[in-house]
Amino acid sequence: MFQNLHRSMTASQTLKVQCDVCRHLGAFSAAEAKKVFGSDATPMEIRRRVTCKVCRAAGRARIWI
């Protein structure tokens, strides 16, 4: 079974996203992550969709909770 945001995150957790290119670190609260990516989003989908706000690299991020 694939993990998704709904199954992986509790309300108090934070989704962290770090750019592989410039190492910029961003964070989403559980509510923000589910709103932006959808509660059924998998880690692979999130990686593919994120774009770094600093260097504009797309699809090149490390994701963890």
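In this predicted model, the hairpin of β1 and β2 has 5 residues between its strands, and R23 takes a positive phi there, near 70 degrees. R23 is not a glycine, yet its phi is positive, about 70 degrees. Most residues other than glycine have a negative phi. R23 sits in the loop between β1 and β2. Its relative accessible area is 52%, so R23 counts as exposed.

R56 is a further case. R56 is not a glycine either, and its phi is positive, about 70 degrees. Its loop runs between α3 and β3 (61-64). R56 is exposed, with a relative accessible area of 58%.

| Residue | Phi | Loop | Relative accessible area |
|---|---|---|---|
| R23 | about 70 degrees | between β1 and β2 | 52% |
| R56 | about 70 degrees | between α3 and β3 | 58% |

**The sheet**

The hairpin strands belong to an open sheet. Its 3 strands follow the order β2-β1-β3, with antiparallel pairing. β2 and β3 stand at the edges with a single partner strand each, so one side of each lacks a neighbour in the sheet. From one strand to the next, the twist averages 20 degrees.

How many bridges join β1 to β2? There are 5, and the two strands run antiparallel. One pairing matches V17 with G26 in β2. β1 also pairs with β3: 4 bridges join these strands, again antiparallel. Here K16 stands opposite W64 in β3. α2 packs on the sheet, where it touches β1 and β2. The direction of α2 makes about 95 degrees with that of β2.

In a regular strand, side chains alternate between the two faces of the sheet.

**Helix α2**

Which residues of α2 are buried? In this helix, residues 30-37, they are A30, A33 and F37. Seen down the helix axis, the buried residues of α2 fall within an arc of 65 degrees, so they line one face. A31 and K35 lie on the other side of α2 and are exposed.

What do the buried residues pack against? Their partners are α1 (5-8), β1 (14-19), β2 (25-29) and α3 (43-49). The buried face of α2 thus meets helices and strands alike. After α2 comes G38. Its phi is positive, near 95 degrees.

Terms used:
Residues numbered from 1 in each chain as written. Predicted model: local features only at pLDDT ≥ 70, side-chain atom pairs only at ≥ 80, totals over all residues. Heavy atoms only, no water. Buried < 20%, exposed > 50% of the residue type's maximum accessible area, 1.4 Å probe, protein only. Arc of directions from axis to C-beta. Contact = heavy atoms within 4.5 Å. Pairing = 2+ DSSP bridges. Axes fitted to C-alpha atoms, helices over the stretch in contact; angles between N-to-C directions.
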